[in-house]
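Here is a short tour of one protein model. Look over the sequence and the structure before reading on.

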Amino acid sequence: MKPPLAANRDLLKTPTLIKISALVLATAAFFFLGKHLSHDGYKQLVFFSSSSENSIPEVSISPNSDRTFNLSSIIPSNHTDIETTQPIPSVVTVTETEANPPPPPPIPSPPPPAPIRTFGVLDANGVMSDDFEVGEIEDEDSGNKTEIVESRNDGVSRPRVRVKKFAMCRESMREYIPCLDNTNAIKKLRSTERGEKFERHCPERGRGLNCLVPSPKGYRQPIPWPRSRDEVWFSNVPHTRLVEDKGGQNWISRDPRDKSKFKFPGGGTQFIHGADEYLDQISKMVSDITFGKRIRVALDVGCGVASFGAYLLSRNVLTMSVAPKDVHENQIQFALERGVPAMAAAFATRRLLYPSQAFDLIHCSRCRINWTRDDGILLLEINRMLRAGGYFAWAAQPVYKHEAALEEQWTEMLNLTTSLCWKLVKKEGYIAIWQKPLNNNCYLSREAGTKPPLCDESDDPDNVWYTNLKPCISRIPENGSGGSVPSWPARLHTPPDRLQTITFDSYIARKELFKAESRFWNEIVGGFIRALKWRKMKLRNVLDMRAGFGGFAAALNDHKLDCWVLSVVPVSGPNTLPVIYDRGLLGVMHDWCEPFDTYPRTYDFLHASGLFSIERKRCEMSTILLEMDRILRPGGRAYIRDSIDVMDEMQEITKAMGWRTSLRDTSEGPHSSYRILTCEKRLPRA
């Protein structure tokens with residue numbers, strides 16, 4: 001055995017150690033060579049190669065050193081470097097350069113983009129923005145403010161729209177009705193002798209209301225129905241002229257010991273002893289006038305404070321009370337504050353916004369209308385709206401006074417009603433009652449040339465939107481539709497004959513559509529009552545802004561909620577108004593891109609189903625929402641059922657108006673394409 005020292009000397013002579021030493025020396029040599037070449041500035045491609053794991057790597061210089069290449073044949077001339085946006089040169093030279101070449105000049109930054117001006121609530125791409133900041137309401141006499149700000153998200157700056165607030169309108173606008181108070185348009189009228197100044201004269205599109213109409217100082221939540229029939233808060237309608245003018249006729253009074261309220265004794269110019277006694281007299285005069293059965297829907301012309309309609313409600317009769325916004329200050333506003341259906345409307349030069357054969361009874365008590373002027377054109381409008389077989393009751397001085405001038409007026413009225421084929425069924429005391437015929441037989445049997453003539457068959461008596469009065473007798477349908485409706489309450493759920501006359505696309509039978517809509521709203525309203533405690537809500541004056549066949553109003557009636565509903569049929573859809581009236585409900589035609597003919601603070605509840613997704617193609621959604629704010633009572637609510645794609649925008653606009661809002665799923669669940677936006681308008685600060 002060799003000693004350890006000898007063994008170590010033998011190990012140094014082995015081939016393995018020799019190979020390792022050679023590899024280390026070669027590596028060191030290549031390292032110093034490469035470092036030397038890099039300091040000498042050679043711009044060359046260096047390749048390392050190895051044929052096997054155990055072989056020594058080889059190093060070689062690129063064979064393309066000092067050669068020039070033309071790249072223009074393979075790179076498009078318009079190609080640029082993505083990072084620098086500078087053109088790539090078409091010729092590249094691979095050569096040796098000087099060590100430490102000078103740095104290339106800096107590339108200038110692109111100029112900043114021009115500022116984008118944005119108005120309203122649109123973003124820079126012309127799309128309604130989902131990103132708003134909403135401020136608080138301030139008492140300012142200015143419009144809504146919009147400005148462009150920068151928001152940073154993940155370090156990226158983007159422009160967005162910020163809606164600060166909708167300011168309060170000036171105090172003088174607290175009773176403002178845009179289409180009836182347009183003084184500039186009224187001044188330009190060529191004539192006002194036929195009442196043209198009391199008709200609609202709306203502001204131009206884009207120049208309408210852009211602020212929040214204020215409430216009177218001291219405004220309080222309205223007195224609930226049925227107490228409101230007899231008394232309302234003075235602070236809510238602070239006008240005393242009617243007390244001075246009509247107090248002696250029992251229209252309205254104000255107790256000097258309690259000046260906080262107006263009182264309504266229930267009288268009128270021709271029934272100072274009360275509406276109940278007056279209604280009893282009418283029903284005794286004509287036995288077929290059975291209130292709440294055959295007579296379900298009535299029109300009261302020149303209604304005053306609407307005591308006639310207020311007392312008919314207890315007899316299951318819905319009455320539309322109409323009067324112009326004239327010297328009888330705020331009479332329609334008093335009616336609505338009492339919780340009685342009413343609208344500002346005038347018999348002047350255009351048709352009223354109700355369909356043909358709408359009303360079972362039309363009433364005029366000292367309504368100050370000259371029915372015989374212009375060959376009876378105003379009574380012809382009454383004839384258009386009166387249902388075949390319906391009644392017209394006229395209480396006026398010519399009926400009972402025997403002065404020469406008044407007797408002449410009575411004779412003219414008799415001649416006109418005879419030419420209309422109306423039958424005078426009863427004249428008693430100061431009331432005269434006529435009945436309209438059930439068909440056209442009488443009209444067709446008149447002598448040739450008798451005036452007024454029958455309207456052309458091409459005339460549509462249900463075309464009412466901005467339609468002039470026509471000096472002709474509207475034809476009664478040959479099949480009797482409109483005149484033969486069941487008694488109340490059966491008519492509410494009986495598909496009427498006029499359902500077949502409506503022009504719209506239907507893929508299933510119309511009667512099935514009618515019944516399906518009724519079932520749908522009955523279930524929906526039932527769910528609202530259970531889940532959202534609707535019976536505890538103070539519902540009285542209700543507006544359905546897109547009513548269809550009136551299913552929502554019918555459901556509220558079926559569930560016995562103590563309220564009345566005005567069903568609005570938008571001009572942008574099919575005209576279903578005849579069906580609504582045949583059911584025994586109230587309705588009106590309207591274009592929601594224009595203001596509504598009612599006073600501010602009119603309705604307790606606004607219902608809009610599928611309205612905004614349709615009307616936004618015609619006008620701004622803020623236009624409709626600001627009008628909703630105007631007519632909604634403080635403390636009132638709005639339920640908006642619509643598609644998801646309009647909900648974000650509506651939420652932001654309603655918040656800018658100061659409403660409290662909540663977005664809810666429909667009964668179809670969270671995956672439905674519809675949502676319900678529930679809103680509440682705040683009461684004014686004390």
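The report below goes from the whole chain to its cores, its helix pairs and a few single residues.

## Overview

This is a predicted model. The protein has 686 residues, and 47% of them are buried. It holds 17 helices and 22 strands. Take the contacts between residues at least 6 apart in sequence: 67% of these join residues at least 24 apart.

## The nonpolar cores

The largest nonpolar core has 148 residues. Within this core, Trp371, Phe392 and Trp534 touch the most other members. Strand β13, residues 386-395, gives the most to the core, with 7 residues. Another core lies apart from it and has 9 residues. Val237, Trp251, Val305 and Phe334 are among them. In soluble globular proteins, nonpolar side chains tend to be buried together.

What does Trp534 contact, once neighbours within four places in sequence are left aside? The list runs Val525, Phe528, Ile529, Leu539, Phe552, Leu556, Leu561, Phe605 and Tyr639.

## Helices α12 and α13

Helix α12 spans residues 510-531, and helix α13 spans residues 551-558. They pack at an angle of about 55°, with axes 8 Å apart. The two helices are therefore oblique to each other. Their crossing is right-handed.

From α12, the contact uses Glu517, Trp521, Asn522 and Val525. From α13, Gly551, Phe552, Ala555, Leu556 and Asp558 take part. Sorted by class, this contact has 5 nonpolar, 2 polar and 2 charged residues. Val525 of α12 and Phe552 and Leu556 of α13 belong to this contact, and Trp534 also touches Val525, Phe552 and Leu556.

## Helix α16 and its surroundings

Helix α16, residues 621-631, is mostly covered, with 9 of its 11 residues buried. Which residues of α16 are buried? They are Met621, Ile624, Leu625, Leu626, Glu627, Met628, Asp629, Arg630 and Ile631. Charged residues appear in this list too: Glu627, Asp629 and Arg630 are buried and count as charged. The buried residues of α16 pack against strands β16 (541-544), β19 (603-609) and β20 (632-643), and against helices α15 (612-615) and α17.

The axes of α16 and α17 come within 10 Å and cross at roughly 45°. That makes α16 oblique to α17. The crossing is right-handed. On the α16 side, Met621, Ser622 and Leu625 make the contact. They meet Val646, Glu649, Met650, Ile653 and Thr654 in α17. By class, the contact has 5 nonpolar, 2 polar and 1 charged residues.

Gln651 also sits in α17, which covers residues 644-656. Is Gln651 buried or exposed? Its relative accessible area is 15%, so Gln651 is buried, the cut-off being under 20%. Leaving out residues up to four places away in sequence, Gln651 touches Leu663 and Leu677.

## Helices α8 and α10

Helix α8 (residues 373-385) packs with helix α10 (residues 404-419) at an angle of about 60°. Their axes are 11 Å apart. That makes α8 oblique to α10, and their crossing is right-handed. Asp375, Gly376 and Leu379 in α8 meet Met413, Leu416 and Thr417 in α10. This contact has 3 nonpolar, 2 polar and 1 charged residues.

Asp374 is also placed in α8. Its phi is near 50°, a positive value in a residue other than glycine. Asp374 has 33% relative accessibility and counts as partly exposed.

## Loops and backbone details

Two prolines follow cis peptide bonds. One such bond joins Trp225 and Pro226, with omega about 10°. Pro226 lies in the loop between α3 (183-187) and β7 (231-233). The bond from Lys451 to Pro452 is cis as well, with omega near -5°. Pro452 is in the loop between α11 and α12.

Pro489 is found in the loop between α11 (441-444) and α12. Pro489 is exposed, at a relative accessible area of 56%. Pro489 and Gly292 are 197 residues apart in sequence, yet their C-alpha atoms are 8.2 Å apart in space.

Lys560 is in the loop between α13 and β17 (564-570). Lys560 is not a glycine, but has a positive phi of about 60°. With 71% relative accessibility, Lys560 counts as exposed.

Technical notes
Residues are numbered from 1 along each chain as its sequence is written. This is a predicted model: local features need pLDDT of at least 70, side-chain atom pairs count only at pLDDT 80 or more; totals for chains, interfaces and linings use all residues. Side-chain values use heavy atoms; hydrogens and water are left out. Axes are lines fitted to C-alpha atoms, for helices over the stretch in contact, and angles run from 0 to 180 degrees between N-to-C directions. Helices (H or I, at least four residues) and strands (E, at least two) are DSSP runs, numbered from the N terminus. Angles under 35 degrees count as roughly parallel, over 145 as roughly antiparallel, 65 to 115 as roughly perpendicular and the rest as oblique. A crossing is left-handed if the near helix is turned anticlockwise from the far one by less than a right angle, and right-handed if clockwise. Contact means heavy atoms within 4.5 Å. A nonpolar core is a set of buried Ala, Val, Leu, Ile, Met, Phe, Trp, Tyr and Cys residues joined through side-chain atoms within 4.5 Å. Buried means under 20% relative accessible area, exposed over 50%, partly exposed in between (1.4 Å probe, protein chains only).
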